[in-house]
Amino acid sequence: MRRTCVFLLACFSLAGQTLQIAEGLRRTHDYVSATSAFDKLLAANPSNAQYRVRFGEFFLERYHPEEAAKLFQEAIELDPKNAGAHLGMARVLAENYNPKANEAADKALEINPKLYEAHELKAQVALEDDNHKKAVEEADAALAIEPTALQAIAIHATVDLLADKESPWLAKIGNRAKGFETIARFFVLNRRYEEGIAYFRKAIAADPELWTAHSQMGVNLMRLGRSGEAYKELELAYNSDHTSDAATRNSLALIDTFKDFDTFEKPTTTLVLNKKEAAALRPYFEQEMLRAMAVYEKKYQFKLKRPVQVEVYPNHEDFAVRTMGLPGLGALGVTFNDVIAMDSPSGRPPGQFHWASTLWHEMSHVYILTLTNYRVPRWFTEGVAVHEETATIPDWGDRITPEIITAIRDRKLLPVADIDRGFVHPEYPTQVIVSYFEAGKMCDYIASRWGEGKLLDMAHQFAKNRPTVDVIRDELKMEPEAFDKDFLAQIDKETHTIVEHFKEWTAGLGELNKLAREAEPKNDDIIAKGRALEFFFPDYVEVGNPYLLVAKACLAKQDKACAMDEFGKYSSHSGRDATAIKQYAKLLEEAGKLKEAEAALERMNFVGPLDVELHEMLGALYMKTKDAPAAVREYEVLVALHPIDAAGSHYNLAKAYQAAGQKDKAREEVLNALEAAPQFRPALKLLLEVSGEGTPQ
Ligand SMILES: [Zn+2]
């Protein structure tokens, strides 16, 4: 192989820059020389659009879509009628799930109606949207031009296989590996990972040197927690494919970091935490996993057969490796069968990330995916998961945002029959978020009108691989269009105040914040204006929200009751600013409302559990309300966070153990306190109290 490259390179220098030389180097996998040959070819022929298209195709194949897009664009500028350039552009756009891919493919077909690859691409995009009818039509259009068109055949086979039917098209793929790779990719997109892996295996059997299939099989094995085999496949792809893609490199790097994690196994749960934060996070994560499972077992009426695995990543980039190449958000958590990967609270800015809400969301996926045998449309599993974020604990979950208000105002919500495309091929930047919200609201609506049990009935129908429109008709006894109409009427009812006053609210919020920044703020004005804004948009708890500005104005007037009222509203609408909530808890405590103060702070364990002061305050409150086991938990976490006041935290933990009747542990902790500060008088006193009474060890 090496000899050929040298030979070709020699040819190249003698014979001048030709496309054949560059293509020859590409075929012999000498990508560095091929790149330099293409570079020279373009320098010698600056106005040749076709050479740019071929160079672009090379870059696209070698995992550099940005470089490819640049070349296709240059080619289009040189020759707007170059169909190949438009097709190349369509391919780059499709890789990023950009819905403009269709337009680019149409352009290519307008110039060259025989370009069957453009029909194949349109079939692929339609199938990603779950639009089987259109996918089949486009595949047929490609086959009418080229009866052996592999991707068109693979799309036909995929449509059959996704519908659980035997496919006559499979035989037509023959031994062409890329056909099986396409099927595998669609199984993965439909969250049917095991079948995806099986088809990657078929692709590899047909062509053991199809490195993309090795890599993607590795990525998906890793997603399902089978790191050993994953590593072998990824390493093989990495070593064989010279400049292999980011997914391969990043997945290998991620598996290399697994040694930094501890695994905690219980009969029904497996929790994987980074060693640095394991002690602090474990009690809360284990508690919420078990709590969610107890709720879901009842609600979905079945038990999982295998333990659920939750992996928590402090580095957001590590988590993001899991979702590479998948459409949609996957921004905080993602579920692969019964493996959940999610961000750690330490991986996000404080106060933004409700990790428990994300955990419950992902755990709901595990149940819905398992009970539908992975045959559920995206909108339904996401909708139920969003619904679950607030169904059990109403002050959790993400609230309606200004972007969503704008989408409602501009009538951008999608009909239920089409909503899946809002997740996969967003037509405007916030459409994915809007689609999550809409799907969640649809499930809220179904649960409120037909009862929670209706969601389970629908899930059972989806398990039979029935399409959304049929399930709506059979279960809700109405046409999908009628459902859309009723649903939108409900959304209007819930949001019309803010939708109608949105402009006024936006301007008002700006004014309110300006008022609050004045050197001598007019507190009564702030309170009156702020409350009017709260009325318009009670869910707004983000930056510059009225609740916290009004609370501050109340405090400036020494009106603590007024401030508590505002903090209370902020908290019940899922407000998450730790400083504000701590201030709220202090006011409640001063007013003698200890249980309410506890509840306010407990909420924050689901947002920022690595906050030292939070555990100090909560531990002290539990001691006052004589809830010793809860105080022990808080002080144990406090100690695990290695606070500056080591002696004080060990002492507090010792007091909590003493209150819980665990004298041995109390003595151990008091000794730890004294080790940190030998003259610490309260600790010396406590040591006397707990010595001699405990059972000898
Ligand atoms: Zn989800």
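Here is a short chat about a zinc site, a strand and a helix in this predicted model.

Me: What should I know about the model before we start?
Reply: It is predicted, so local features need pLDDT of at least 70 and side-chain atom pairs count only at pLDDT 80 or more, while totals for chains, interfaces and linings use all residues. Residues are numbered from 1 along each chain as its sequence is written, and side-chain values use heavy atoms, with hydrogens and water left out.

Me: What makes an atom a donor of the zinc ion?
Reply: Donors are N, O and S atoms within 2.8 Å of the metal (3.2 Å for Na, K and Ca); water is not among the atoms, so sites may look incomplete. Here the protein donors are NE2 of H361, NE2 of H365 and two OE atoms of E382, lying 2.1 to 2.8 Å from the zinc ion. Their residues follow the spacing H-x3-H-x16-E.

Me: Why is the arrangement around the zinc ion called irregular?
Reply: Four donors are tetrahedral if all angles lie between 85 and 135 degrees, and square planar if opposite donors are over 155 degrees apart and all others between 65 and 115; six are octahedral under that second rule, and anything else is irregular. The four donor atoms here subtend angles of 51 to 146°, which makes the arrangement irregular.

Me: How do you know whether H361 is buried or exposed?
Reply: Buried means under 20% relative accessible area, exposed over 50%, and partly exposed in between (1.4 Å probe, protein chains only). H361 has 8%, so this residue is buried. H365, at 5%, counts as buried too.

Me: Why are H361 and H365 separated by about one helical turn?
Reply: Because they are four residues apart in helix α19 (residues 355-371). An α-helix has 3.6 residues a turn, so residues three or four places apart point the same way.

Me: What makes strand β2 largely enclosed?
Reply: Six of the six residues of β2 (residues 269-274) are buried, so the rest of the structure largely encloses this strand. T269, L271 and L273 cover one side, and T270, V272 and N274 the other.

Me: How do you know that β1 and β2 pair?
Reply: Two strands pair if DSSP finds at least two bridges between them. Five bridges join β1 (residues 261-265) to β2, and the two run antiparallel.

Me: How do you know the span expected for helix α33?
Reply: The expected span is 1.5 Å times one less than the number of residues. Helix α33 (residues 612-624) has 13 residues and reaches 19 Å between its first and last C-alpha, close to the 18 Å expected.
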